[in-house]
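Work through the exercises below with the sequence and the 3D structure at hand. Each task is followed by a solution that goes step by step.

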Amino acid sequence: MTDRQGVWTYAITDYSGGELPPLTGVAGTKVRTATAAGLTVLVSDVALAEFGEVALRRNLENLAWLEEVARAHHQVIEAAARLFPVLPARLATIYSSDAAMAAVLGARAGHVHAALRRVGGRVEWGVKVYAAPEDDRREPVPASMAGGEGAGRGTGRGEGAGLAYLKRRRAQLTAARESRSSALAAAQAVHSRLSRHAAQARLYPPQSAQLSGTRTPMLLNAAYLLEANGGSGFTSAVADAAAAHPELRLELTGPWPPYSFTGDDS
Amino acid sequence: MDHAPAERISLVDLLDRVLAGGVVVTGDITLSVADVDLVTISLRALLASVSALAGPAAPTGGADDSAHQVPARRG
């Protein structure tokens, strides 16, 4: 007896010509194609012992498992995206059979065709904006401390050291708050500027410093949909934005398959 | 522009996309409407592993390798 299997979905395309090169998917499975509603779907057959609802819920809690599956899913999508326009499927879209998939896809065919038209010939770039580390830029001097009064040293006019300290600390906190809110405004300005180059833009929640492994907070986590052959214009726009905002640190990732522009924001 | 090999892509960036992006054509086995749960689950897993690592190294196994630093241009 064979184990019960499900159908794992990688990507959907309306491209019908040409043979798919051999691709390996999640859990070492062989990628094949299935057709439904005039669409071709890249799928592979996975064991429900590992990918069924109960097992899946447990396995997703396992970071090593999640990482391996996410990378395998991505590799198939990326390889396919080099060959024809694809709509990536969200991770863990699994059907009990090709027939079940065809039924669900049939009901969403209009949406899928429209999304494929939107992403065709386009790629996604990611831009993450952080506040630049403090030591990488000049510290703004609060006006109250700029006047040579020696306020920072606690020696002026009989003030106690404690009071001087409190004043200095308050000024530091105010400066930090102002610096953060101006960095946020600058990140927004960068986003508006980059959005003008893009067919579409999408914002993700900023990643926590703990997850991103950086010292300064992430202010913007954005994705931009761009013409596949227009990448250099966008990368120069990002470099220009970085030059215009030394108080920010920008990171560019991509090009990605158009994960963020399938019309399923949630 | 060169594309970083898939192994080098930051897991956090990848999870942003595969969990919150991608077309939703809900599978009949998938955690159906549990998209938000998926993200929550994965982040919890990440956080747990980050604190378990308890090291200064990038928590995602090369988080910075695929991210191109954008140098400020001179002039």
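## Exercise 1: Confidence

Task: find the mean pLDDT of chain A, and say where in chain A the pLDDT is below 50.

Solution. Begin with the whole chain: in this predicted model, chain A has an average pLDDT of 87, and 89% of its residues score at least 70. Next, go through the elements of chain A, among which strand β3 (residues 39-47) has the highest mean pLDDT, 96, while helix α7 (residues 209-212) has the lowest, 73. Then turn to residues 138-143 of chain A, where the pLDDT is below 50 and where the model shows seven contacts beyond near neighbours in sequence. Residues 145-155 of chain A also stay under 50, and for this stretch the model has 16 contacts beyond four places in sequence. As a last step, keep in mind that predicted coordinates should not be read in detail where pLDDT is low.

## Exercise 2: The two sides of a helix

Task: decide which residues of helix α5 (residues 109-119) of chain A are buried, and which are exposed on the other side.

Solution. For the first step, apply the cut-off that a residue is buried if 20 or more other C-beta atoms lie within 10 Å of its own, and exposed if 12 or fewer do. By this rule Val112(A), Ala115(A), Leu116(A) and Val119(A) are buried in α5(A). These residues lie on the same side of α5(A), because they cover an arc of only 105° around the axis. As background, an α-helix has 3.6 residues a turn, so residues three or four places apart point the same way. On the other side of α5(A), Gly110(A), Ala114(A) and Arg117(A) are exposed. Now look for what covers the buried residues of α5(A): the cover includes β1 (5-13), β3, β4 (87-88), α4 (98-107), β6 (122-131) and β8 (218-227) of chain A. Finally, follow the chain just past α5(A), where Gly121(A) takes a positive phi of about 75°.

## Exercise 3: A strand and its partners

Task: describe how β3(A) is paired with β1(A) and with β2(A).

Solution. Start with the surroundings of β3(A), which is mostly covered, since seven of its nine residues are buried. On the pairing with β1(A), the two strands run antiparallel and are joined by eight bridges, and Thr13(A) stands opposite Thr40(A) of β3(A). Strand β2 (residues 32-36) of chain A also pairs with β3(A) in the antiparallel sense, over five bridges, with Leu42(A) in β3(A) as the bridge partner of Thr33(A). To finish, examine the link between β2(A) and β3(A): they form a hairpin with two residues between them, and Ala37(A) in the turn has a positive phi of about 50°.

## Exercise 4: Two domains

Task: work out which elements give two or more residues to the side of domain 1 of chain A that touches domain 2 of chain A.

Solution. First take the bounds from the domain assignment, which gives domain 1 (5-120) and domain 2 (123-140 + 177-261) of chain A. The C-alpha centres of these domains of chain A lie 30 Å apart. Next consider the contacts, in which seven residues of domain 1 of chain A meet five residues of domain 2 of chain A. On the domain 1 side of chain A, the elements giving two or more residues are α3 (63-81) and α5 of chain A, and α3(A) gives the most, with three residues. By class, this side of domain 1 of chain A has five nonpolar, no polar and two charged residues.

Note on methods
Residues are numbered from 1 along each chain as its sequence is written. Chains are lettered from A and ligands numbered from 1 in the order in which they are written. This is a predicted model: local features need pLDDT of at least 70, side-chain atom pairs count only at pLDDT 80 or more; totals for chains, interfaces and linings use all residues. pLDDT is the predictor's confidence in each residue, from 0 to 100. Helices (H or I, at least four residues) and strands (E, at least two) are DSSP runs, numbered from the N terminus. Two residues are in contact if their C-beta atoms, placed from the backbone, lie within 7 Å. The arc is that of the directions from the helix axis to the C-beta atoms. Domain bounds come from an automatic or database domain assignment. Ala, Val, Leu, Ile, Met, Phe, Trp, Tyr, Cys and Pro count as nonpolar, Asp, Glu, Lys and Arg as charged, and the others, Gly among them, as polar. Two strands pair if DSSP finds at least two bridges between them.
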